[in-house]
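User: I should like to learn how individual features of a protein model are read, beginning with residues at the surface. Please give the general idea and then the case at hand.

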Amino acid sequence: GYLYVSDNGVGIGDDAAELFKPFKRKSNLSPERRELGMGGTGLGLTIVEMIAENRNCDVAFVDPGDDWSTSFELSWRVER
């Protein structure tokens, strides 16, 4: 099976694999915006990857198409 997650944020660029590492972030926020709690900590994709591995799933960035800037795919094997 497959599950796709997409958003319209800043995109991923060339360092996609790096974004699954803890505290790695693509966007740069001003100190003022960071103090307001905007932008996250850089742990979201790390947690997604940890859950995927724990459930024997694969996770990878995929082409987001025209309406989105970023998409990743969770995939798993369905036993029949």
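User: Is Val-78 buried, partly exposed or exposed?

Analyst: This is a predicted model. The reading rests on relative accessible area, where the range between 20% and 50% counts as partly exposed. Val-78 has a value of 48%, so this residue is partly exposed. Val-78 is located in the segment that follows strand E3 (70–75).

User: Which residues form a nonpolar patch on the surface with Val-78?

Analyst: The patch consists of Leu-3, Val-5, Trp-76 and Val-78. Together these residues have about 340 Å² of accessible area.

User: How is a pair of aromatic rings described?

Analyst: Two quantities are used: the distance between the ring centres and the angle between the ring planes. In this structure there are two aromatic pairs. Tyr-2 and Tyr-4 form a stacked pair, with 6.3 Å from centre to centre and 15° between the planes. Tyr-2 has a relative accessibility of 57% and therefore counts as exposed.

User: Which geometry do the rings of Phe-20 and Phe-61 have?

Analyst: Planes between 30 and 60 degrees apart are classed as tilted. The planes of Phe-20 and Phe-61 stand at 40°, with the centres 5.0 Å apart, so this pair is tilted. Phe-20 lies in the loop between strand E1 (2–7) and helix H1 (31–35), whereas Phe-61 belongs to strand E2, so the pair ties together parts that are 41 residues apart in sequence.

User: Are Phe-20 and Phe-61 buried or exposed?

Analyst: The cut-off for burial is a relative accessible area under 20%. Phe-20, at 8%, is therefore buried, and Phe-61, at 17%, counts as buried as well.

User: Which residues make up the largest nonpolar core?

Analyst: This core has 10 residues in all: Ile-12, Ala-16, Leu-19, Phe-20, Ala-52, Cys-57, Val-59, Phe-61, Phe-72 and Leu-74. Strand E2 (58–62) and strand E3 each contribute at least two residues to this core. Leu-74 may serve as an example of the contacts made by a core member. Setting aside residues up to four places away in sequence, Leu-74 touches Gly-1, Tyr-2, Leu-3, Val-48, Ala-52, Asp-58 and Val-59.

User: Where is Thr-46 placed, and what is Thr-46 in contact with?

Analyst: Thr-46 is part of helix H2 (residues 44–54). Its relative accessible area is 8%, so Thr-46 is buried. Apart from neighbours within four places in sequence, Thr-46 is in contact with Phe-20, Lys-21 and Pro-22.

User: How should pairs of charged side chains be read?

Analyst: Side chains of opposite charge can pair when their charged atoms come close. A search of the whole structure finds two salt bridges. One of them joins the side chains of Lys-21 and Glu-18, with 2.9 Å from N to O. Lys-21 has 40% relative accessibility and thus counts as partly exposed; Glu-18, at 30%, is also partly exposed.

User: Which side chain meets Arg-77 in a salt bridge?

Analyst: The partner of Arg-77 is Glu-79, with an N to O distance of 3.6 Å. Arg-77 and Glu-79 are both exposed. For Glu-79 the relative accessible area is 63%, and this residue is found in the segment after E3.

User: How far apart are the C-alpha atoms of Glu-79 and Glu-49?

Analyst: The C-alpha atoms of these two residues are separated by 22 Å, and the residues are 30 apart along the chain.

Definitions and conventions
Residues numbered from 1 in each chain as written. Predicted model: local features only at pLDDT ≥ 70, side-chain atom pairs only at ≥ 80, totals over all residues. Heavy atoms only, no water. Patch = residues over 30% accessible without salt bridge, like charges linked within 9 Å, V, L, I, M, F, W, Y side chains within 5 Å. Areas by Shrake-Rupley, 256 points an atom, 1.4 Å probe, with all protein chains shown as cover. Salt bridge = Lys/Arg side-chain N within 4 Å of Asp/Glu carboxyl O. Helix = DSSP H or I, 4+ residues; strand = E, 2+ residues; numbered from the N terminus. Buried < 20%, exposed > 50% of the residue type's maximum accessible area, 1.4 Å probe, protein only. Contact = heavy atoms within 4.5 Å. Core = buried A, V, L, I, M, F, W, Y, C linked by side-chain atoms within 4.5 Å. Phe/Tyr/Trp six-rings, centres within 6.5 Å; stacked < 30°, edge-to-face > 60°.
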